[in-house]
Every structure is written in C-alpha cells, then in structure tokens.
Amino acid sequence: MNLLTQNSKMKKTSLKNNAKIFNFSIPAYKTKSGKVTCPFAAACVKYCYAQKGNYTRFPIVQELMEKKYNISKQNNFNSLMNEEIKKKKATHIRIHDSGDFYSVKYLAKWVQIAEFNPSIIFYAYTKSIKFFVDGLLLPDNMKIIFSEGSK
C-alpha cells in the first residue's frame, strides 16, 4: 500500500520546483468506526473541505484513508513510513491534507520520523495545539502551522 501519495496540485508543484512532495492523509474528523481524528476541530467540521469533493465522492479514497489511519496506530508505523520515504525519494512531506494529530503518541511518531529523515522537510497544519506541550522539541525539518481556531 502507498502510504505517501500526491494529488494533482502536489505533482505540479513537485515538477515546477524539482522536488518530490508527498502527503499522508487519514479520515477527516472521524473514522467509519467513530474514532475522532481531528480532536480539536470544533465548528470547522461543518466547513471541512476534506469532507467534500473527491474525499467523499470516491469510496476508494475513504477506504485508503481508513487503512492509513489503522496503520498509523501500529507499532511498526515509523519503520513503514521510513521505508516509504526512502522508496519514493521524498523531499517534502505534508502530514495530513485531511485529518490531524489525533493523540500525543501519534504526534511523537511523526517527530521521530522527522528526526530519522533530517534531509526531508515535514510540514503540517493543525488545530491540535494542546499536544505541542512544553518540552516537546521539534526537529528543524518539521514545520508546524497552527490553523485558525487553534491559537
């Protein structure tokens, strides 16, 4: 299974900038079984772009995001992601074009993945500001943008 994918915009940007930009997505707001993937979403759930368009139009997209969410909960997620990064020769990774950091443990996995891949730029938009507690040191190659409503 491809853990890292590219949408058409990322493909264009990759070509334009001679880069290999990929993303990792999980279901927006909740999984099919009701597990919350955006714990601090609040009112934005009504307006979430990832709950519209291709994200919901094509059942295969939803199924793949469900599978990725389940893989992200596995103990071997880091090693699987590190292998995928190497295989794709990624230069940049957007963490979540849908979904968010759903737990401190999950955020810690991404910090470890970024530390293991210091030449790759990782970036994410998040409302999970409460998970970024004092003492959490982000590596220089991990850029976090706090989304509207998380400030």
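Trainee: What makes up the open sheet, and in which order?
Mentor: The sheet has 4 strands in the order 1-2-3-4, with parallel pairing. Strands here are DSSP runs of E with at least two residues, and helices are runs of H or I with at least four, numbered from the N terminus. This is a predicted model: local features need pLDDT of at least 70, side-chain atom pairs count only at pLDDT 80 or more, and totals for chains, interfaces and linings use all residues. Residues are numbered from 1 along each chain as its sequence is written, and side-chain values use heavy atoms, without hydrogens and water.

Trainee: Why do strand 1 and strand 4 stand at the edges?
Mentor: Each has a single partner strand, so one side of each lacks a neighbour in the sheet. Neighbouring strands are turned by 20° against each other on average, direction ignored.

Trainee: How do you know that strand 1 and strand 2 pair?
Mentor: Pairing takes at least two DSSP bridges between two strands. Strand 1 and strand 2 have 4 bridges, in the parallel sense. N23 stands opposite R94 in strand 2, and F24 has I95 as its bridge partner.

Trainee: What packs on the sheet, touching strand 1, strand 2 and strand 3?
Mentor: Helix 1 (residues 8–17) does. Contact means heavy atoms within 4.5 Å. The direction of helix 1 makes about 150° with that of strand 1. Axes are lines fitted to C-alpha atoms, for helices over the stretch in contact, and angles run from 0 to 180 degrees between N-to-C directions.

Trainee: Why is K88 called buried?
Mentor: Buried means under 20% relative accessible area (1.4 Å probe, protein chains only; exposed is over 50%, partly exposed in between). K88 is at 17%, so K88 counts as buried. K88 lies in helix 4 (residues 77–88). K88 touches N2, L4, K20 and F22, leaving out residues up to four places away in sequence. A polar atom of the K88 side chain lies 2.6 Å from the backbone oxygen of L4.

Trainee: Which residues of strand 1 cover its two faces?
Mentor: I21 and N23 lie on one side, F22 and F24 on the other, and all are buried.

Trainee: What span does helix 5 reach, and what is expected?
Mentor: The expected span is 1.5 Å times one less than the number of residues. Helix 5 (residues 104–116) has 13 residues and reaches 18 Å from first C-alpha to last, close to the 18 Å expected. Its buried residues include W110 and I113.

Methods: A polar contact is a pair of N or O atoms within 3.5 Å; within protein, one must be able to donate a hydrogen and the other to accept it, and residues adjacent in sequence count only if both atoms are side-chain atoms.
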